[in-house]
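Let's walk through a protein model together, one part after another. Please keep the sequence and the 3D view side by side as you read.

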Amino acid sequence: ICDNMRAVVSAFCKFEANNFNLLNSDLQPVGAGVYLVSTALNHSCAPNAVVVFDGPKLFLRATKRINAGEEVTISYIELAATTDTRKQELKHRYFFDCACNVCTDGGVRDVDL
């Protein structure tokens, strides 16, 4: 039973880290799905692509020119949050420390208004 439980927990964790919420026309969640191609996409706080849906179909759209050989990235989280909030969420939900240009000294700084 212990090995079976490990396999179930492992599968659940992989699903949780790689799924997309499926929303209805009112933007209410109605399910979750894993799209194998999208599981290879890494995070950036300055992504060059976004994921969009048409019903259950996932599409990847470039938000800027992507050169041959350049990594295609998406944001796993809400980009309007502060750097500290984004980093905390990425650590908590996805278990990594973001080192993208926006989160390092070379990136844009948060501004207090």
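A useful term to start with is pLDDT, the predictor's confidence in each residue, on a scale from 0 to 100. You will need it here, as this is a predicted model. Along the protein chain, the mean pLDDT is 82, and 90% of the residues reach 70 or more. Confidence is lowest in strand β1, residues 19-23, with a mean of 75. At the other end of the range, strand β6, residues 73-74, has the highest value, 92. Where pLDDT is low, the predicted coordinates should not be read in detail.

Now look inside. The largest nonpolar core has 8 residues: Cys45, Ile77, Leu90, Tyr94, Cys98, Cys100, Val102 and Cys103. Pick out isoleucine 77 and find its partners: leaving aside residues up to four places away in sequence, isoleucine 77 touches His43, Arg86, Glu89, Leu90 and Tyr94. Another core lies apart from this one, with 6 residues, including Leu22, Tyr35, Leu41 and Ala49.

Next, compare two helix residues. Is valine 8, in helix α1 (residues 2-18), buried or exposed? Exposed means over 50% relative accessible area, and valine 8 has 51%, so it counts as exposed. Together with Met5 and Val9, Val8 forms a nonpolar patch on the surface, with about 280 Å² of accessible area in total.

Threonine 83 belongs to helix α2, residues 83-94. Its relative accessibility is 12%, so threonine 83 counts as buried. Finally, try finding threonine 83 and arginine 6 in the view: they are 77 residues apart in sequence, and their C-alpha atoms are 34 Å apart in space.

Terms used
Residues are numbered from 1 along each chain as its sequence is written. This is a predicted model: local features need pLDDT of at least 70, side-chain atom pairs count only at pLDDT 80 or more; totals for chains, interfaces and linings use all residues. Side-chain values use heavy atoms; hydrogens and water are left out. A nonpolar core is a set of buried Ala, Val, Leu, Ile, Met, Phe, Trp, Tyr and Cys residues joined through side-chain atoms within 4.5 Å. Buried means under 20% relative accessible area, exposed over 50%, partly exposed in between (1.4 Å probe, protein chains only). Contact means heavy atoms within 4.5 Å. Patches are made of residues with over 30% relative accessible area and no salt bridge: like charges are joined within 9 Å, nonpolar side chains (Val, Leu, Ile, Met, Phe, Trp, Tyr) within 5 Å. Accessible areas come from the Shrake-Rupley method with a 1.4 Å probe; for residues, only the protein chains shown count as cover. A salt bridge is a side-chain nitrogen of Lys or Arg within 4 Å of a carboxyl oxygen of Asp or Glu. Helices (H or I, at least four residues) and strands (E, at least two) are DSSP runs, numbered from the N terminus.
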